[in-house]
Amino acid sequence: MLKPFADAPGIYRVIEPALRAPSVCNTQPWSFRIVADDRIELRANVGNGPGRGRWDLLLHSPAPGPWPREYAISCGAALMNLRLAFRVLGHDPVITLVPDPVDDPGLLASVEIMVGRTHKPGSLEQELYDAIWQRHTDRWPFSDTPVRPGILVEMERAAAHEHGWLRVLHGPFSRRWLKVAADADAAIAAARDRGNGMNGGGAVRDGRHSTADGGAPDGGNGAPDDGMSVTGDDTAGAAPATYEALLRQFRDELAQRTGGSDSGHGIPRTAFGPRPATAHPPVRDFTLGGTEPAGGEWDGTEWNGVEWVAEPRGNGQNGGTAERDDARPGDVPRERFERHPQLMMLFTDRDEPADWLRAGQALQRALLTATSLGVSASFLTQPLELADLAFRCDSQDGRLRRLPFLESHPGLPLHRRAADASQRRSSSAVERRGYARRHLLGATPWLEVPQMVIRVGYPENQAGKPDISTPRQEPDIIDARSAPPVRVTRPRSGPAPR
Ligand SMILES: Cc1cc2nc3c(=O)[nH]c(=O)nc-3n(C[C@H](O)[C@H](O)[C@H](O)COP(=O)(O)O)c2cc1C
């Protein structure tokens, strides 16, 4: 196809793969703008909430929390897919990351191609492209068989190709991360909204937010309605919110995004997967401490046709995950997960928006590589999110605030010296935040900034598994070649969102 933006089917052929990218809480925080026959822009789409579209406000707030970073990682993953889509059409995309950070910070990437000239994709590009349609976040148990080292190396290489440094977390680090993740889940679950009315969201019902449209975080096109109210407060010069208030708001936002919605965004409850039978589970608790089954059909012995273990199994020996000791009669049965979860951590050199986009591209290339080699993945990023949330710059005097979450974990010190040094060296709150994430594991041998943690493994029990694909919403695509710009809608004959 010599002119990929000639018509709506052509445009969707390029953009549809981008929509299949993973995104934080399935927020799909991207939009696309065709600005010339040979150029398309990828923008951060931060929804209908206060400050709609103002990624810059979100980004430069004294307390931005994890959202802007994770939106950018998500957009980076979409960019990777977009690049592959161009390659299978024969185009060589030239990418500029964050081309205009001062005047147009919402413009995350500009993608330029040479119109009228194509050359065949390589077999690896074709394989990665094909994997786009197979990849899903898999929160189900993996087999106890360790992933072949050669595959882990291939994943590391794939990430390195995009300037992301993906590393296997071995024994003690892995066990430590599982514990930190369980603690983070518990901290989020405990931060129930006590009616402080901070975010103006829906009323809390059974620990979940109800909203006018049945759980969707916004009433509009389904784009994320961000935690802009916190940042709005701060940027407006109001007293900075406390860590506890930020945590409560974060929990509310997660509840909104995991409450189950059929509007094509948020994480549906069927995708939560089963509850693990371990004290330090290798998957996130998206029920936010709830006791009900994660979703699907539960008839007392089977969930979605899968038999559940009545009692936790596994003994946590040999360095494996420890068994829960708090199982009570009447509890939701829990599923046995792999004994030795294999975790990998993705790092970048720095912690600016361009690095987050690199992280997203590296993540996606690694995930597609894994998929093409029969390996599934899920994510375990909640400690990084809490580090972002807790690490704020006091708007009064610009000083670094300590991290209550980390302080409550003596084994995971935020090294005061490192934090102080970062305070002297950096004038950017965004950059300082990376230090909080760096010190989550205590003394690590790595200097770079952690961005993501994934769990990899061979999927198990395929027969009883429900469909784990997550729906997508209709994207924001603007064709700005005409005046006024027009919205591009899905062609009738085009592929439907899956
Ligand atoms: C930045 C980022 C952070 C994520 N964090 C988590 C996480 O902590 N736990 C989890 O289970 N999934 C996490 N996910 C996966 C998303 O929930 C998932 O991509 C989304 O629901 C879409 O589903 P899919 O990946 O199956 O297409 C994360 C994804 C991204 C891009």
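# Exercises on a predicted model

Arginine 455 counts as buried, because 26 C-beta neighbours lie inside 10 Å of it. The model in which this residue is examined is a predicted one, and the exercises below start from arginine 455 and then move outward.

## Exercise 1: The surroundings of arginine 455

Find the strand that holds arginine 455, and list the residues with which arginine 455 is in contact once its neighbours within four places in sequence are left aside.

Solution. Begin with the place of the residue in the chain: arginine 455 belongs to strand 12. Next, set aside the neighbours within four places in sequence, and the contacts of arginine 455 are then Pro282, Pro341, Gln342, Leu343, Ala377, Ser378 and Leu380. Finally, compare sequence with space for one further pair: arginine 455 and threonine 137 are 318 residues apart in sequence, while their C-alpha atoms are 10.0 Å apart. For the protein chain as a whole, among contacts between residues at least 6 apart in sequence, 78% join residues at least 24 apart.

## Exercise 2: The sheet that contains strand 12

Work out the order of the strands in the open sheet, and explain why strand 5 and strand 11 each have one side without a neighbour in the sheet.

Solution. The first step is to read the order, which is 5-10-12-11 for the four strands of this open sheet, with antiparallel pairing. The second step concerns the edges: strand 5 (165–169) and strand 11 (376–379) each have a single partner strand, so one side of each is left without a neighbour in the sheet. The third step is the turn between neighbouring strands, which is 35° on average when direction is ignored. As a fourth step, look at one pair in detail: strand 5 and strand 10 (residues 342–348) are joined in the antiparallel sense over five bridges, and leucine 166 has leucine 346 of strand 10 as its bridge partner.

## Exercise 3: Helices across the sheet

Determine which strands helix 6 lies across and which strands helix 9 lies across, and give the angle for each helix.

Solution. Take helix 6 (residues 171–190) to begin with: it lies across strand 5, strand 10 and strand 12 (449–457), and its direction makes an angle of about 95° with strand 5. Then turn to helix 9 (residues 353–372), which lies across strand 5, strand 10, strand 11 and strand 12 and runs at about 145° to strand 10.

## Exercise 4: Strand 2 and its partners

Decide whether strand 2 is largely enclosed or largely open, and describe how strand 2 pairs with strand 1 and with strand 4.

Solution. Start with burial: five of the six residues of strand 2 (residues 39–44) are buried, so this strand is largely enclosed by the rest of the structure. Continue with strand 1 (residues 30–36), which pairs with strand 2 in the antiparallel sense over six bridges. The connection between strand 1 and strand 2 is a hairpin through two residues, and alanine 36 has arginine 39 in strand 2 as its bridge partner. End with strand 4 (residues 107–112), which pairs with strand 2 in the antiparallel sense over five bridges, and in which alanine 109 stands opposite leucine 42.

## Exercise 5: The shell around the ligand

Explain where the ligand shell lies with respect to domain 1 and domain 2, and describe which residues make up this shell.

Solution. Consider the domains at the outset: domain 1 (8–126 + 473–487) and domain 2 (149–464) both give residues to the shell around the ligand, so it lies between them. Then consider the residues, for of the 21 around the ligand, Pro22, Asn26, Thr137, Phe379 and Thr470 come nearest. By class, the shell holds nine nonpolar, nine polar and three charged residues. As a last step, ask which element gives the largest share: helix 3 does, with four residues.

## Exercise 6: Two residues with positive phi

Compare histidine 163 and leucine 288 by asking whether each is buried or partly exposed.

Solution. Histidine 163, in the loop between helix 5 (149–161) and strand 5, has a positive phi of about 65° although it is not a glycine. With 14 C-beta neighbours inside 10 Å, histidine 163 counts as partly exposed. Leucine 288, in the loop between helix 8 (243–257) and strand 8 (302–303), has a positive phi of about 55° and is likewise not a glycine. Leucine 288 is buried, because 20 other C-beta atoms lie within 10 Å.

Terms used: Residues numbered from 1 in each chain as written. Predicted model: local features only at pLDDT ≥ 70, side-chain atom pairs only at ≥ 80, totals over all residues. Contact = placed C-beta atoms within 7 Å. Pairing = 2+ DSSP bridges. Axes fitted to C-alpha atoms, helices over the stretch in contact; angles between N-to-C directions. Near = placed C-beta within 6 Å. Nonpolar A, V, L, I, M, F, W, Y, C, P; charged D, E, K, R; others polar. Domains from an automatic or database assignment. Buried ≥ 20, exposed ≤ 12 C-beta atoms within 10 Å, placed from the backbone.
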